[in-house]
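User: I'm new to reading protein structures, and I'd like a close look at a single part. Could you pick one helix, walk me through it, and then follow its links to the rest?

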Amino acid sequence: MSTTVTQDMSFLHLISSASLLVQLVMLILVMISLLSWWFIFRKLFVIRNEIKKTDDFEDIFWRGADMNALYQRTTSARYDSGSMERIFAAGFSEFNKHPPGSDLEAVMDSTRRAMRATYQREMDYLESHLSFLATVGSVSPYIGLLGTVWGIMNSFRSLSSVTQATIAHVAPGIAEALIATAMGLFAAIPAVVAYNRYASGTDQLATRFESFMEELSNVLQRRAAG
Amino acid sequence: MSVSVLRNFSHSEPKSLLAGVLAVLVHLVFVALMIFGLNWKDHPPEGMIVDIWTELPKSVQEPVKTQPPPKQPKPVQESVKPKSEPEPEPPKPEPPKPELTKSEPPKPAPQKATTPPIKKPDIAMKEKPEPIKEAKPDVEEQKKKEREKIKEQERLKELEKQKELEKKKELEKQKELEKQKEFEKQKELEKQKELQKQKEKEQAVQRQREQEAKAQREAEAKRAAQQAAARNQITNEISKYKAMILAKIRSRIVMPPDLPGNPVVEFNVTLLPGGDILDVRLSKSSGHTAFDSAVERAIFLSKPLPLPPDPTLFNEFRNLNITVHYRE
């Protein structure tokens, strides 16, 4: 820190004049923040899309649509299908693979297994990157704090060579150090909010899928028996 | 239809590119906020210019005294000078002005002085041409006379005008002088008033001081009286309790019968707070051991001894000298 009182306190100057470690911390935080925001938007779109498709499918299914037609539609429109449709398709195809007259118990078991496997895969897809958001939310404040502590250490160390210590000697260092904390918080706060929101969203979807699986197996069992 | 087909369902992630763009956008907004939104200190704080007044009352007086000079007619120096003495700075530039103005008014006076002499020759001329008229009654001379008369009339008119002007000026001057005098009188009155006020204030202050001194004296007297009363009370209390102690001891003594004369025994008693007896020493024997031991027993029997409730008085009772006479 120079002894002049009038420091260039502009944001960019503060960043460029920070020590190497602080700059490194800032770089890491910027990358983390970018990534976490990318995932936040991706998950936002994915989960919103999933909820909409699940709504649509349940609407169609419970209105009494023909299962064969639904299955055809699902398999033909591969990339446009929702998770619930895929669970339905997996179960329905497994159910249909068994020749008529085979043991109902065994058929239903294998159908349920097939649906559960798809369900697991779908949930895995929906919950992907959520753990990253959680990690960012919990860790990035600490990274920012590390940069801040380091910067403040440096700015106080520079005080030792000065006989008359004024706030002007320390202020720029602390300001630049605090930018690191600000960045950490900027990365963490949205990540935590998004994680909580998306976790509850996927939980709701999971319960809907599970109840649908139970209901579908009942319907299929009745169909086989009838 | 096979399971493999279903398994190959890849998750088409919607708008992942849009998400990336949005993420970058959010950061750009944040950085812009940091750069432009926060007003980072760019300008050094400008130094404040502060006038330091060593004496506050002066600043209050100055406007009052600077105002009068413009009102005052300039020629009055005497009235300005006494005021300029307490306050050297502001009136200084002004006094020179009155001198200049003073020098100006005299100027018209010499002009007046010059004009009258002109008159007199005219009058003399008038007197002189008259005999000439009589001698030579020519038309030309008459014309000349007429012209001269006209001229004289004009001159007279001018003279009258000048006289009037002079009168007016004199009147104005008188008025100004009167005004000045009034101002001076007012100022003197004000000064007197201020002086009176100051005197009154001083008197009031003195009265207050006297009153305070009186109050202090009274308070001191009261305190002294109180202290004396307290001392009296304390001594009374002490003597009272000593008498009580002696009476209590005396009531417990089982007197040995038929001792000759009036023997006296003295004991030195050390007391504990609360009236308990720590130690009893025979300081002066009566010569009769039976009487001495009887009194000693009585002292021990009479514990706790009565003590005043005020613990500060205990020091008076810590070491008691008890003298007992055989006969009262």
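Analyst: Happy to! Let's start with helix α4 of chain A: 13 of its 15 residues are buried, so the rest of the structure largely encloses this helix. Please keep in mind that the model is predicted.

You can find α4 at residues 83-97 of chain A. From its first C-alpha to its last, the helix reaches 21 Å, close to the 21 Å expected at 1.5 Å a residue.

Now look at the charged side chains of this helix. Glu85(A) forms a salt bridge with Arg73(A), at 3.2 Å from N to O. Glu85(A) sits in α4, while Arg73(A) belongs to helix α3 (residues 67-76) of chain A, so the contact ties together parts that are twelve residues apart in sequence. How do the two partners compare in burial? With a relative accessibility of 7%, Glu85(A) counts as buried because the cut-off for buried is under 20%. Arg73(A), at 40%, counts as partly exposed.

A second salt bridge starts from Arg86(A), whose side chain meets that of Glu122(A) at 2.7 Å, N to O. This pair links distant parts of the chain: Arg86(A) is in α4, and Glu122(A) is in helix α5 (residues 104-127) of chain A, 36 residues away. Here both Arg86(A) and Glu122(A) are buried.

Let's step back to the whole structure. Over all chains, a search finds eight salt bridges. One of them is in chain B, where the side chains of Asp279(B) and Arg281(B) meet at 3.2 Å, N to O. Both ends have some accessible area: Asp279(B) is partly exposed at 30%, and Arg281(B) is partly exposed at 44%. Elsewhere, in chain A, salt bridges with shared partners join Asp55(A), Glu58(A) and Arg208(A) into one network.

For another view of burial, turn to strand β3 of chain B, residues 319-325. Its side chains alternate along the strand. Leu320(B), Ile322(B) and Val324(B) point to one face and are buried. Asn319(B), Asn321(B), Thr323(B) and His325(B) point to the other face and are not buried. Strand β3 also has a neighbor to trace: seven bridges join it to strand β1 (residues 264-271) of chain B, and the two run antiparallel. To see one of these pairings, find Val264(B), whose bridge partner in β3 is His325(B).

To come back to your helix: α4 is largely enclosed, with one salt bridge from Glu85(A) to Arg73(A) and another from Arg86(A) to Glu122(A).

Technical notes: Residues are numbered from 1 along each chain as its sequence is written. Chains are lettered from A and ligands numbered from 1 in the order in which they are written. This is a predicted model: local features need pLDDT of at least 70, side-chain atom pairs count only at pLDDT 80 or more; totals for chains, interfaces and linings use all residues. Side-chain values use heavy atoms; hydrogens and water are left out. Helices (H or I, at least four residues) and strands (E, at least two) are DSSP runs, numbered from the N terminus. The expected span of a helix is 1.5 Å times one less than its number of residues. Buried means under 20% relative accessible area, exposed over 50%, partly exposed in between (1.4 Å probe, protein chains only). A salt bridge is a side-chain nitrogen of Lys or Arg within 4 Å of a carboxyl oxygen of Asp or Glu. Two strands pair if DSSP finds at least two bridges between them.
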